[in-house]
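Subject: Structure handover

Hello,

Here is the structure I promised to pass on. Please open it alongside this note, and read on below for what turned up.

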Amino acid sequence: MLAKPSYLNELKNTGDFLTLSRNNEWHLEASEFALENGTRVTVHDTGVIEFKPRVTTTKDVVLSSAVHGNETAPIEICDSLIKQIISGELKLAQRVLFIYGNPKSINIGLRFVEENLNRLFNGHHTVEGIAMNDERVRAAKLEQYVSDFFERGEHGSARSHYDLHTAIRGSKNEKFAVYPYLHGKPWKKSQLQFLLSCGVNTVLMMKSEATTFSYYSSYVHGADSFTVELGQVKPFGQNDMTRFEKTKKTLAALISQNEVEYPQFNASDFELFAVHRTINRTEDEFSFPFSDDAENFTGFAKGELLATDGDTSYYADVEGEAIIFPNAHVALGQRALLTVIPMQIDSNFV
Ligand SMILES: O=C(O)CCC(=O)N[C@@H](CCC(=O)O)C(=O)O
Ligand SMILES: [Zn+2]
């Protein structure tokens, strides 16, 4: 029989998978054990832990955080849920895979180490002529862990993936989700109800493919996937965790109940936006005319300057075109800004 890894006893006693992951930045020996309530716990790697209750399940849920290491509130939420599960306080009814995307970037308190992990999914980690680095290797492994997790699920299980983030800037709508491009498939009201229960009433509908983790699990695995922005980036210890209570409770209910009842769907509870366009940085000289504290969802009048990329100036071409994730410091070729415009619930919702 193979020797059990030395970390197991401490993990069973403390439930502190976060510290274990942070202490093993890129790799952790796999292992397995069972909780007293019968739930199987499988450590696949650093930052990747799976829980499978003894009962027959109907949902396979992926909860990821730390795809960007400085976005600490989602990490604290997942840390607390994992500890509750390992201590037996939260008894699972569904399979769940927790992922801390980039443990090394948590340790250095930065968005990424060499390269933005959330630009490397859906195969973009491995490109001929581009050297691999730790984040590229990690993105490839994370895709594989998610694939294996969904494949091992019960036939017909509902797949979901909530990739939890916080935004660099403040936001007029504090919490919002990005619904990845569905290639014409309808958006789901039941998912909006789940998000609302998390305290997220604002959803942005993407209209093109992406390299993000949520797009990957949506496109490749047909999961109900979202990037969920829960507030503004803060260092550990500075998050007001009361602002995440609804999210924590809703996630706990999702994985510990057979079926969760959400309040009836009401379109007026939501603010929906269609992504209008993506502006990439292509030149060293890239700037915004607005200040660093301009918030996400700030609207611009038609004709106002939005960004300058070298010799190219971008002007709002719709009244009220609003800015999301402006970041002039992204690598060349990457998204520096999204703009959105309000949209209504229409026939493309089921
Ligand atoms: O606030 C910012 O500028 C970025 C916050 C963040 O990390 N957002 C995600 C969104 C991913 C998506 O478009 O689904 C990202 O930029 O990776
Ligand atoms: Zn992020």
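Which residue in β9 is the bridge partner of Phe 176? It is Glu 229. That pair is a handy way into the model, which is a predicted one.

**Around β9**

Start with strand β9, residues 224-232. Eight of its nine residues are buried, so β9 is largely enclosed by the rest of the structure. Strand β6, residues 158-167, runs parallel to β9. Seven bridges join the two. Within that pairing, Ala 167 stands opposite Gln 232 of β9. Strand β7 also pairs with β9, but in the antiparallel sense, over three bridges. The Phe 176–Glu 229 pair links these two strands.

**β7, β8 and β10**

Phe 176 has a second partner to look at. It stands opposite Thr 202 in β8. Strand β7 covers residues 176-179 and runs parallel to β8, with four bridges between them. On to β10, residues 271-280: this strand pairs with β8, again over four bridges and in the parallel sense. There, Val 203 of β8 faces Leu 272 of β10 across the pairing.

Is β8 buried or exposed on its two faces? Both faces are covered. Thr 202 and Leu 204 are buried on one side of the strand, which spans residues 202-205. Val 203 and Met 205 are buried on the other.

**Helix α6**

Between β7 and β8 comes helix α6, residues 189-197. The three elements make a β-α-β unit, and its hand is right. Five residues to check in α6 are Gln 191, Leu 192, Gln 193, Phe 194 and Leu 195, which are buried. Their cover includes strands β6, β7, β8, β9 and β10, as well as helix α8. After the helix comes Gly 199, with a positive phi near 95°.

How do α6 and α8 cross? Helix α8 is residues 245-256. The two axes come within 8 Å and cross at roughly 130°. An angle that falls outside the parallel, antiparallel and perpendicular ranges counts as oblique, and α6 and α8 are therefore oblique to each other. From α6, the contact uses Phe 194, Leu 196 and Ser 197. From α8, it uses Lys 246, Thr 250, Leu 251 and Leu 254. By type, the residues of this contact are four nonpolar, two polar and one charged. Phe 194 is worth selecting: it is buried, and it takes part in the contact with α8.

**The sheet with β11, β13 and β14**

There is also an open sheet of three strands. The order is β11-β13-β14, with antiparallel pairing. Strands β11 and β14 stand at the edges, each with a single partner strand, so one side of each is left without a neighbour in the sheet. Strand β13, residues 305-309, is joined to β14 by four bridges. Ala 307 has Tyr 314 of β14 as its bridge partner.

**Three single residues**

Leu 18 sits in helix α2, residues 17-22. Its relative accessible area is 9%. Buried means under 20%, so Leu 18 is buried. What does Leu 18 contact, leaving aside its neighbours within four places in sequence? The contacts are Ile 75, Asp 79, Tyr 100 and Ile 106. Tyr 219 lies 201 residues from Leu 18 in sequence, and the C-alpha atoms are 29 Å apart.

Asp 240 is in the loop between β9 and α8. At 39% relative accessibility, this residue counts as partly exposed. Ala 73 is 167 residues away from Asp 240 along the chain, yet their C-alpha atoms are separated by 8.6 Å.

Asp 293 is in the loop between β11, residues 286-287, and β12, residues 299-300. This one is exposed, with a relative accessible area of 63%. Asp 293 and Glu 261 are 32 residues apart along the chain, and 39 Å separates their C-alpha atoms.

Best wishes

Conventions
Residues are numbered from 1 along each chain as its sequence is written. Chains are lettered from A and ligands numbered from 1 in the order in which they are written. This is a predicted model: local features need pLDDT of at least 70, side-chain atom pairs count only at pLDDT 80 or more; totals for chains, interfaces and linings use all residues. Side-chain values use heavy atoms; hydrogens and water are left out. Buried means under 20% relative accessible area, exposed over 50%, partly exposed in between (1.4 Å probe, protein chains only). Two strands pair if DSSP finds at least two bridges between them. A crossover is right-handed if, with the strands pointing away from the viewer, the path from the first strand over the helix to the second runs clockwise. Axes are lines fitted to C-alpha atoms, for helices over the stretch in contact, and angles run from 0 to 180 degrees between N-to-C directions. Angles under 35 degrees count as roughly parallel, over 145 as roughly antiparallel, 65 to 115 as roughly perpendicular and the rest as oblique. Contact means heavy atoms within 4.5 Å. Ala, Val, Leu, Ile, Met, Phe, Trp, Tyr, Cys and Pro count as nonpolar, Asp, Glu, Lys and Arg as charged, and the others, Gly among them, as polar.
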